[in-house]
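Colleague: I'm new to reading models like this one, and I would love a close look at a single part. Please pick one residue, start there, and walk me outwards through its surroundings.

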Amino acid sequence: MIKKLFLVPCLLASGLAFAAGNTLDITVNGVRDDQGTIRAGIYDTPAAFPKEGKAMAKTSTPAKAGSVKLQFTDLPPGKYAVILYHDENNDGQMDKRFGMIPIEGYGLSNNIKASGKPSFDQCAFDVPETKNQTIDLRY
């Protein structure tokens, strides 16, 4: 009986660790040149989205004309949204005209085309059901 009581918490703990190990693979299409870096942030709350400093995790890869791949790992199950951009001048931020109109290429999960500030709900998808996103950059 004692062995069974010990085994249950161990199985539960291992299940929780396994559930948090979800991976999201992102293919970014339409990269126009090899300059700079493709940067992405993933968000798990509407309040944080799309503020770059509030992303729950970030990833990046050198830009390559055509398409590149990014990956987020160890995601717990839940609802997420992604925003990414082509940081052509490698200054670590999305450059904007008048403080709000992107002048570097950008893309959103679910490949939505936003006019104005995108909403978390428009971009949201569920993990682990969604394992891949393909996002087209818009310049």
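**A charged residue on the inside**

Modeller: Let's start at Asp87, which is buried, with a relative accessible area of 0%. Keep in mind that this is a predicted model.

Who is its charged partner? Asp87 forms a salt bridge with Arg39, and the closest N and O atoms are 2.8 Å apart. Asp87 belongs to strand 5 and Arg39 to strand 2, so the bridge ties together parts that are 48 residues apart in sequence. Arg39 is not as hidden as its partner: at 22% relative accessibility, Arg39 counts as partly exposed, because the buried class ends at 20%. As a general point, side chains of opposite charge can pair when their charged atoms come close.

Now look at Thr37, another residue of strand 2. Thr37 touches Asp87, and also Tyr85, His86 and Asn90, among others. With Asn90 there is a polar contact between the two side chains, at 2.6 Å. Is Thr37 buried or exposed? Its relative accessibility is 12%, so Thr37 counts as buried.

Right beside it in the numbering is Ile38, which touches Tyr85 and His86 too, along with residues including Val28, Val68, Leu70 and Leu137. Ile38 leads us into the largest nonpolar core, a group of 19 residues in which Ile38 is one of those with the most contacts, together with Leu24, Ile26, Val28, Val82 and Leu84. Strands 1, 2, 4, 5 and 9 each supply at least two residues of this core. There is also a second, separate core of 14 residues, which includes Tyr43, Ala81, Tyr106 and Phe120. In soluble globular proteins, nonpolar side chains tend to be buried together.

Back to charges: how many salt bridges turn up in the whole structure? The search finds three. Besides the pair we began with, Glu88 and Arg32 meet through their side chains at 3.0 Å, N to O. Each sits in a loop: Glu88 between strand 5 and strand 6, Arg32 between strand 1 and strand 2, so the pair joins parts that are 56 residues apart in sequence. Glu88 counts as buried at 16% relative accessibility, whereas Arg32 is partly exposed at 48%.

The other pair is Lys79 with Asp126, whose closest N and O atoms are 3.9 Å apart. Here strand 5 supplies Lys79 and strand 9 supplies Asp126, so parts 47 residues apart in sequence are tied together. Both partners are partly exposed: Lys79 has a relative accessible area of 44%, and Asp126 has 34%.

Let's finish with strand 1, which we met as a contributor to the largest core. Strand 1 also takes part in an open sheet of three strands, ordered 4-1-10, with mixed pairing. Strands 4 and 10 are the edges, each pairing on one side only, and the twist averages 20° from one strand to the next. Strand 1 and strand 10 run in the parallel sense and share five bridges; you can find Asn29 opposite Asp136 in strand 10.

Just follow the chain back from strand 10 and you come to the loop after strand 9, where Glu129 has its place. Glu129 is exposed, with a relative accessible area of 63%, quite unlike the 0% of Asp87, where our walk began.

Terms used:
Residues are numbered from 1 along each chain as its sequence is written. This is a predicted model: local features need pLDDT of at least 70, side-chain atom pairs count only at pLDDT 80 or more; totals for chains, interfaces and linings use all residues. Side-chain values use heavy atoms; hydrogens and water are left out. Two strands pair if DSSP finds at least two bridges between them. Helices (H or I, at least four residues) and strands (E, at least two) are DSSP runs, numbered from the N terminus. Axes are lines fitted to C-alpha atoms, for helices over the stretch in contact, and angles run from 0 to 180 degrees between N-to-C directions. Buried means under 20% relative accessible area, exposed over 50%, partly exposed in between (1.4 Å probe, protein chains only). A nonpolar core is a set of buried Ala, Val, Leu, Ile, Met, Phe, Trp, Tyr and Cys residues joined through side-chain atoms within 4.5 Å. Contact means heavy atoms within 4.5 Å. A polar contact is a pair of N or O atoms within 3.5 Å; within protein, one must be able to donate a hydrogen and the other to accept it, and residues adjacent in sequence count only if both atoms are side-chain atoms. A salt bridge is a side-chain nitrogen of Lys or Arg within 4 Å of a carboxyl oxygen of Asp or Glu. Lists of a residue's contacts leave out its neighbours within four places in sequence.
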